[in-house]
Amino acid sequence: MRTEHRHFDHFDNPLSGVRNLGILAHVDAGKTTVTERILYVTGATYKRGEVHDGTTVTDFDSQERDRGITIFAAAVSCDWDGHRINVIDTPGHVDFSDEVERSLRVLDGAIAVFDAVAGVEPQSESVWRQADRYGVPRIAFVNKLDRTGADLDLAVESIRKRLHTVPLVVQLPIGQEDGFVGVVDLLRMRSLVWSEGCDTFEDGPVPEALRDEACRRRRLLEEAVAELHPTALEEFCAESTLSAQTLATALRDLTLAGDAVVVLCGSAYRNRGIEPLLEAAVAYLPSPLDVPAVRGTVDGSVQERVADPAAPFAALVFKVNSTATGRLTYLRVYSGTIGKGEAVLDVEARRTERIGRILRVQADRHAEVERAVAGDIVAVVGVKAARTGATLCTPAAPLILEPPRVADPVVSVAVEARRSIDTDRLVSALARLVEEDPSLRVRTDRETGQTVLSGMGELHLEVAAEKMRRAHGLDVSVGRPQVAYRETVSRGVSGLVYRHVKQDGGAGQFAHVVLDAQPLEEAGLDGNGNGNGNGNGDGSAVDFVFRSTVVGGRVPAEYVRAVEAGCRDALAEGPLGGHPVTGLRVTLTDGATHSKDSSEMAFRTAGRLALREALRACAMVLLEPVAEVTVTMPDDAVGGVLGDLAARRGRISGSTARAGTAVITATVPLAELFGYASRLRSRTQGRGTFTSRATGYAPVPSGVLSGMPSR
């Protein structure tokens, strides 16, 4: 039996019945199982897939099935109660957070899944912050209530404390741990009970033993909603209670505004709690009509496009995938309508593409459709060159949409083909990898001539190398991982004078500049050089600021811009080891020009050479990437784990103990985590696990500087 719902029975606009949702969580919280049960309950599949059997729809890649984790974001579609729900199952491992970033850019809402035993875990926190940046409304699903040690209240409290949001719990579990059989719906004050081995639930009255607790929790829910919602507050003051209709409306308003998060619970593995989760998703999460109009730029001016099939076509490419049958380009259509055979413009590339086929995506299966309209998430065939982040639009109405952010890689390995005859194939395979995953970077080391592949972590690079072996049939060798160091200024210089004069016949070059180079504390660095090295730690901040205080026109504006460009060129290699420089403020304070010999090229060269000289005069600090590590182990293994973390230069930041299990949180240099999984298993006799998430950059202690590599 399914619950009734008050909203969205009939749609004046078909877009009201569309939901574009993501499933977000820490690794092993149950995201993929939740997605599988959604597909099963909605009738999109007729058999429940299991992660441990490798039979899930969304984890279709052979590496995902071998490793038992989600690696690539997968899109699926289903129908529920007259709604079209497009779901993207995202990875939970920190190394693949860029996949989450690209997905969140095109989603309207999300379901955040939490483990009822562990509560908010490190990557749960990271994906939550990613969703915050894009303003994606969320509801929460506390999963695995059938596990030993599951506690809904503790999980909800961790949501409140660690995510700094207001959780509004709308269900009460019936039974604990292995005895969990259903939930009480606190809005309707009805019980939903699933029988063992049965795919449907029974809707009945609240069990007598839980009536008082259900009434108490309903009252707490009403009070919490009344505090946040003005209309609900008026009714609460007048009636001393809230109707189910008022509660539902207020919960939707609060969810869309991001002022609170609705919390549901269940056990996806045992198929309990999925139907109410779907009802909540269509009731509380937004349709394309409920989110603000997408904003883009045209010739420097900002324009908006509403979600209207009749508006000019505009779509964002958020994923590119090469398959055996051709190149698939995944689009989120924000406005307009596109049909097969129509031409679209890749605005930034200034290239016209033609849409060959339009596909409704079901993970690795596709169904061809005639057209795609605003609000759709589809894949298209025929687009040959559009990259992730590109805007495709009607040629007559160009628009550039904001692309998803791409994080800087932190780990690098040298790769080479074992057979010299495969060198060209390796170059082609690497280009294909970078096209599909923009968080991968490829460069050639100038000193060694080696090809260097950089990514977000050790596992990220392992997966990339294995993909070359499996998909491209290449036998490649991979070197030991190296982390991406940065250099920053701890004490700057002022008034550095640099004169660039070059005369070799004909017009010469002349540029005179005076620079100040100082630490940029706004980049997230404190007085000791501590910090993340990229500003706010979210990939969005500024790590270099340039300004000019030149007066009287001594340096014309076009030459000031050339000096800035030269300074940015100089940031590529610092004086300590040739690593990129971050956290720097440069001020052009004075300069001089020559009537004939000054040019933009001369001032760009002067800016580059002047900043290099300034950096050599500054006190520099080498920064290394660090990660927050959460280690879970038996009580009797704590001593050995603490000693090993100390040997890896880890700084312990917290520890908790619960039911014979200890959890230690520490900040550890990323370079020291290579191979840690094997070491931890050895220390704990296979009973220890750990998770990590990159937290930024920190200074390298002077005692270990001698062993640091140059770029």
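The paragraphs below walk through the sheets, helices, cores and a few single residues of this structure, which is a predicted model.

A good place to begin is the sheet with seven strands. This open sheet runs in the order β2-β3-β1-β4-β5-β11-β6, and its pairing is mixed. At the edges stand β2 (74-80) and β6 (167-169); each has a single partner strand, so one side of each is left without a neighbour in the sheet. Neighbouring strands of the sheet are turned against each other by 30° on average, if direction is ignored. Within this sheet, strand β5 (residues 138-143) pairs with strand β11 (residues 261-265) in the parallel sense, and four bridges join the two. One position to look for is Ile139, which stands opposite Val262 in β11. As a reminder for readers new to sheets, strands pair through backbone hydrogen bonds, either parallel or antiparallel.

Another open sheet has three strands in the order β13-β12-β24, and here the pairing is antiparallel. Its edge strands are β13 (301-305) and β24 (400-401), each of which pairs on one side only. Strand β12 (residues 294-298) is joined to β24 by two bridges in the antiparallel sense. Gly296 has Leu401 in β24 as its bridge partner. The loop between β12 and β13 holds Asp299. Is Asp299 buried or exposed? With a relative accessible area of 81%, Asp299 is exposed, because exposed residues are those over 50%. The C-alpha atoms of Asp299 and Ala570 are separated by 30 Å, and the two residues lie 271 residues apart along the chain.

Attention now turns to the helices. Helix α1 (residues 31-41) is mostly covered, with ten of its eleven residues buried. The buried residues of α1 include both charged-looking names on the sequence, such as Lys31, Glu36 and Arg37, and others such as Val34, Ile38 and Leu39. After α1 comes Gly43, whose phi is positive, near 85°. Helix α1 also meets helix α9 (residues 274-284): their axes come within 10 Å and cross at roughly 85°. That angle makes α1 roughly perpendicular to α9. On the α1 side, the contact is made by Val34, Arg37, Ile38 and Val41, while α9 contributes Ile274, Glu275, Leu277 and Leu278. Sorted by class, the contact of α1 with α9 has six nonpolar residues, two charged residues and no polar ones.

Helix α3 (residues 97-106) is also covered. Ten of its ten residues are buried, so α3 is largely enclosed by the rest of the structure. Among the buried residues of α3 are Ser97, Asp98, Glu99, Val100, Arg102 and Leu104.

The next topic is the nonpolar interior. In soluble globular proteins, nonpolar side chains tend to be buried together. In this model, the largest nonpolar core has 51 residues, and Ile111, Ile139 and Val225 touch the most other members. Helix α9 gives the most to this core, with eight residues. Ile139 thus appears twice in this account, as a member of this core and as the residue opposite Val262 in β11. Which residues does Val225 touch, not counting residues up to four places away in sequence? They are Leu168, Ala232, Leu242, Leu247, Ala250, Leu251 and Leu254. A second, separate core has 40 residues, including Val410, Val415, Leu426 and Leu645.

Two loop residues complete the picture. Asp422 is found in the loop between β25 (411-417) and α10 (423-436). What is the relative accessible area of Asp422? The value is 3%, and Asp422 is therefore buried, because the cut-off for burial is under 20%. Leaving aside neighbours within four places in sequence, Asp422 is in contact with Ala417 and Leu474.

Gly574 has its place in the loop between α12 (557-570) and β34 (584-592). This glycine counts as buried, at 10% relative accessibility. Not counting residues up to four places away in sequence, Gly574 touches Glu487, His579 and Val581. Gly574 and Arg67 are 507 residues apart along the chain, and their C-alpha atoms are separated by 39 Å.

Methods: Residues numbered from 1 in each chain as written. Predicted model: local features only at pLDDT ≥ 70, side-chain atom pairs only at ≥ 80, totals over all residues. Heavy atoms only, no water. Pairing = 2+ DSSP bridges. Buried < 20%, exposed > 50% of the residue type's maximum accessible area, 1.4 Å probe, protein only. Axes fitted to C-alpha atoms, helices over the stretch in contact; angles between N-to-C directions. Parallel < 35°, antiparallel > 145°, perpendicular 65-115°, else oblique. Contact = heavy atoms within 4.5 Å. Nonpolar A, V, L, I, M, F, W, Y, C, P; charged D, E, K, R; others polar. Core = buried A, V, L, I, M, F, W, Y, C linked by side-chain atoms within 4.5 Å.
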